[in-house]
Amino acid sequence: MKRTITLLTLAFAAMLMLTASQGAGLKNYQCKKCAIVVRAEQAPSALGCRVDGSHQWQELGAVGMMNYHCMKCRVNVENRYEPSPKSCPNGGDHQWNKLGKVGPLRFQCRKCGLDIRTEDTPNPIGCPNGGNHQWYKSH
Ligand SMILES: [Zn+2]
Ligand SMILES: [Zn+2]
Ligand SMILES: [Zn+2]
């Protein structure tokens, strides 16, 4: 009987690990100081910020199928919904632009170098280098 319980516990633990590796519950976190974005289930370690040694994480939301790009801090996140505008590392609020659904194609902007995965040519709005992005298929 005791053995059965152990086996069940093991099976349950394996199931949990499988779920985790499939990315359930992943969120995008951005450091308010160095602007780096990391995907994790909970706030990542504070160690290693290039600004002053310790990151200050801000949760941007659940990882999802839409590209959101901030033209101020130049990050692009694949998020489920528009991230909060709070705390852009460049000062003030983020300025998010919806660039298109995540898909199998890769596009890069000739002007700012942004490289994203979409279903179709991304929205040209909001190139941080001025005016519109100039997309070309990079793969
Ligand atoms: Zn940092
Ligand atoms: Zn920003
Ligand atoms: Zn651009």
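Tyr-29 is a good place to enter this predicted model. Beyond its neighbours up to four places away in sequence, Tyr-29 touches Val-37, Val-38, Ala-40, Ala-43, Pro-44, Trp-57, Gln-58, Glu-59 and Leu-60. Tyr-29 also belongs to the largest nonpolar core. That core has eleven residues. Besides Tyr-29, they are Cys-31, Trp-57, Leu-60, Tyr-68, Cys-70, Met-71, Val-75, Val-77, Cys-88 and Trp-96. Two strands, strand 1 (27-31) and strand 5 (57-70), each supply at least two of these residues. Strand 5 gives the most, with four. A second core stands separate from this one. It holds seven residues, among them Leu-114, Ile-116, Cys-127 and Trp-135.

Now step back to the whole chain. It has one helix and ten strands. The helix comes at the start of the pattern, which reads α-β-β-β-β-β-β-β-β-β-β along the sequence. The chain counts 139 residues, and 23% of them are buried. Contacts can also be sorted by how far apart the partners sit in sequence. Among those between residues at least 6 apart, 41% join residues at least 24 apart.

Return to strand 1. Is this strand enclosed or open? Five of its five residues are buried, so strand 1 is largely enclosed by the rest of the structure. The cover extends to both faces. On one side lie Lys-27, Tyr-29 and Cys-31. On the other lie Asn-28 and Gln-30. Every one of these residues is buried.

Which strands does strand 1 pair with? One partner is strand 2 (residues 37-40), which runs antiparallel to strand 1 and is joined to it by four bridges. Within this pairing, Asn-28 has Arg-39 as its bridge partner. Another partner is strand 5. Here the pairing is again antiparallel, over five bridges. Cys-31 stands opposite Trp-57 of strand 5. Both Cys-31 and Trp-57 are members of the eleven-residue core.

Follow the chain from strand 1 into strand 2. The two strands form a hairpin, with five residues between them. Ala-35 sits in the loop that links them. Its phi is near 75°, a positive value in a residue other than glycine. Is Ala-35 buried or partly exposed? It has 17 C-beta neighbours inside 10 Å, so it counts as partly exposed.

A second hairpin lies further along. Strand 5 and strand 6 form it, again with five residues between the strands. Five bridges join these two strands, which run antiparallel. Met-66 finds its bridge partner, Asn-79, in strand 6. Arg-74 lies in the loop between strand 5 and strand 6 (76-79). Its phi is positive, near 65°, and Arg-74 is not a glycine. Arg-74 has 16 other C-beta atoms within 10 Å, so it is partly exposed.

Strand 6 itself repays a look. In a regular strand the side chains alternate between the two faces of the sheet. Strand 6 shows such an alternation. Val-77 and Asn-79 point to one face and are buried. Asn-76 and Glu-78 point to the other face and are not buried. Val-77 is also part of the largest nonpolar core.

Move on to the later strands. Three of them make an open sheet in the order 9-8-10, with antiparallel pairing. Its edges are strand 9 (115-118) and strand 10 (135-137), each of which pairs on one side only. Neighbouring strands of the sheet are turned by 35° against each other on average, direction ignored. Strand 8 (residues 105-109) is joined to strand 10 by three bridges. Cys-109 has Trp-135 in strand 10 as its bridge partner. Trp-135 is also a member of the second core.

End at Arg-117, which lies in strand 9. Its contacts, leaving aside neighbours within four places in sequence, are Val-102, Gly-103, Leu-105 and Arg-106. Leu-99 is 18 residues from Arg-117 in sequence, and 10.0 Å separates them in space, C-alpha to C-alpha. How exposed is Arg-117? With 17 other C-beta atoms within 10 Å, Arg-117 is partly exposed.

Terms used. Residues numbered from 1 in each chain as written. Chains lettered and ligands numbered in written order. Predicted model: local features only at pLDDT ≥ 70, side-chain atom pairs only at ≥ 80, totals over all residues. Core = buried A, V, L, I, M, F, W, Y, C linked by C-beta atoms within 7 Å. Buried ≥ 20, exposed ≤ 12 C-beta atoms within 10 Å, placed from the backbone. Contact = placed C-beta atoms within 7 Å. Pairing = 2+ DSSP bridges. Axes fitted to C-alpha atoms, helices over the stretch in contact; angles between N-to-C directions.
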